[in-house]
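Reader: Could you walk me through one part of this model in some detail? I'd like the packing, the neighbours and the backbone oddities in one go.

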Amino acid sequence: MPEAKALVAGDAGESAVGETIGLEWPSRKRAWAVAFMLLAANSLAFVDRQALALMLEPIKQDFGASDTAMSFVYGISFTAFYIAVGIPLAWLADRSNRRNIVMGSILCWSLATTACGLARNLTSLFLCRLAVGAGESGLSPSAYSLLADYFPRDRLASALGIYQAGIYLGGAMALFLGGAMASIVPFNEVVLVPVLGELAGWQIMFILLGFPGFVLSALFLLVREPFRRGAAAFPAGGLAHFAAAFRYMGSHKWPYLGLIGGFTLIVFTGNATGAWIPTFLQREHGMSLASIGQIYGAVVLSCGMSGAVAGGFLSSGLQHRKFRGGNLLPALIGTAALIPLTIGFPLMPTPTLAFIMIAAMNFFAGISLGGGMATILSLTPNNLRGQITMIYIILINLVGASLGPLAVALITDFVFHDPQRLAEAIAMVCAVSSPLAFVALLIGIKTLPERSA
């Protein structure tokens, strides 16, 4: 069957079509174009998250908030609607046009990010963050499902590594832009903006961050919805709701527990560190936000992105050579390396030594990403991918993105009663979460069925 017919956008019958009828895969050129557009979308999503991390301290001072209150704005506000809206969107991703879901998601979170810049108190900022979470919830379930239908199994980890590199590209962009902004208009300085009135520097930053998403959303009109592959063995309607998703996961209990548990703990560790690194560098080493943005941005861009891309291609190479557990081996190595790095960097006596360890931490965290998601997708039938991916995303956001920053804040506020002991709080949290992540992934790789290894 010619490729053009296999890629008709929005074909009503595509959800029931599987690989068994001999569909050709989309051309590599088209597949990689889609992967890089999804990379751009993921980057914009993480620009907002990292920008907020950079601005936590000035926003906290503006609103007179505690570390714990700011951790709620950073994590729980985002996660609440991410989960509430993400569940029906994941259901739709297994039944309808995924390209359209991605387009709508980008537009929604871009509008909400712009609205964050108009927030006048902590409550209104919290509400705007709810809307950001609602918008971003539609991206990853649809993106993962799209990539699994654009790339064959032995190249999927490479594509996912590119997509996951958006975490680091977006984080670096936020830090670079934030550092530059802080040197022009300090985040706590109030300036008069035509039409909008008086705004602090951090508010202007949010407004500027919203605009690129409007353009990218429109560009997704160029992406075609691919045929769904691997669905023939699971006919449409047979496994198409969350109860069936949980039943299927229950029949593969240990692989899913190991993989999802391990990556949830990796995200927990990443957010416990990433959310507080700019504040840690300010409090512990007296660095300015402009310097942090430039140096930390360069670290995230070079080390995080190279790790994500290298991990994806290494996983694909091992998988192509039929190496058992090839997709997961780089993740296992990366997670082992994270144990001393995450515990050690906040305890370094100089900012130079701290940055060296932060650089290595970003590289090995990046290595852990692509192959793990490729394994989950290989283990999951096509018409459950959006829903099982959403279950995974709910856990990594509820436990990882929300509780990671909160765990550190609770220790500074209620155990030490001293915000200046942030470094010790980060080290304590990571001393628990990093080793547990390694153990969970080890369980996942040991129990993985032969067909998904």
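Author: Here's a walk around helix 8 and its surroundings, with a few stops further out.

First, the ground rules. This is a predicted model, so local features need pLDDT of at least 70 and side-chain atom pairs count only at pLDDT 80 or more, while totals for chains, interfaces and linings use all residues. Residues are numbered from 1 along each chain as its sequence is written, and side-chain values use heavy atoms, with hydrogens and water left out. Helices (H or I, at least four residues) and strands (E, at least two) are DSSP runs, numbered from the N terminus.

Helix 8 covers residues 201-219, and its buried residues include Gly201, Trp202, Gln203, Ile204, Met205 and Phe206. Further along helix 8, Leu209, Gly210, Gly213, Leu216 and Ser217 are among the buried ones too. Buried here means under 20% relative accessible area, exposed means over 50%, and partly exposed is in between (1.4 Å probe, protein chains only). What do the buried residues of helix 8 pack against? Their partners are helix 2 (28-63), helix 4 (98-116), helix 5 (122-136), helix 7 (153-184), strand 1 (190-193) and strand 2 (197-200). Contact means heavy atoms within 4.5 Å.

Take helix 2. Two packed helices are described by the angle between their axes and the distance between the axes. For helix 2 and helix 8, that's about 170° and 10 Å. Axes are lines fitted to C-alpha atoms, for helices over the stretch in contact, and angles run from 0 to 180 degrees between N-to-C directions. The pair is therefore roughly antiparallel, as angles over 145 degrees count that way. On the helix 2 side you'll find Met37, Leu44, Asp48 and Phe63, among others, meeting helix 8 residues that include Trp202, Phe206 and Pro212. The contact of helix 2 with helix 8 splits into 17 nonpolar, 1 polar and 2 charged residues. In that tally, Ala, Val, Leu, Ile, Met, Phe, Trp, Tyr, Cys and Pro are nonpolar, Asp, Glu, Lys and Arg charged, and the others, Gly among them, polar.

Now the strands. Strand 1 and strand 2 run antiparallel and are joined by 4 bridges; two strands pair if DSSP finds at least two bridges between them. One bridge pairs valine 193 with glycine 197 in strand 2. This hairpin has 3 residues between the strands, and valine 195 lies in that loop. Valine 195 isn't a glycine, yet its phi is positive, about 75°. Valine 195 is exposed, with a relative accessible area of 88%.

Over in helix 4 sits arginine 98. Buried or exposed? Arginine 98 counts as buried, because its relative accessibility is 0%. A polar atom of the arginine 98 side chain lies 3.2 Å from the backbone oxygen of proline 226. Leaving out residues up to four places away in sequence, arginine 98 touches several others, including Ser142, Asp149, Glu225 and Arg228.

Last stop: helix 3 (residues 67-93), home of leucine 92, which is partly exposed at 32% relative accessible area. The axes of helix 3 and helix 16 (residues 385-415) come within 9 Å and cross at roughly 170°, so this pair is roughly antiparallel too. Their contact divides into 19 nonpolar, 10 polar and 2 charged residues. In the loop between helix 16 and helix 17 (422-446) is histidine 417, another non-glycine with a positive phi, about 55°. Histidine 417 is exposed, with a relative accessible area of 59%.

Methods: Angles under 35 degrees count as roughly parallel, over 145 as roughly antiparallel, 65 to 115 as roughly perpendicular and the rest as oblique. A polar contact is a pair of N or O atoms within 3.5 Å; within protein, one must be able to donate a hydrogen and the other to accept it, and residues adjacent in sequence count only if both atoms are side-chain atoms.
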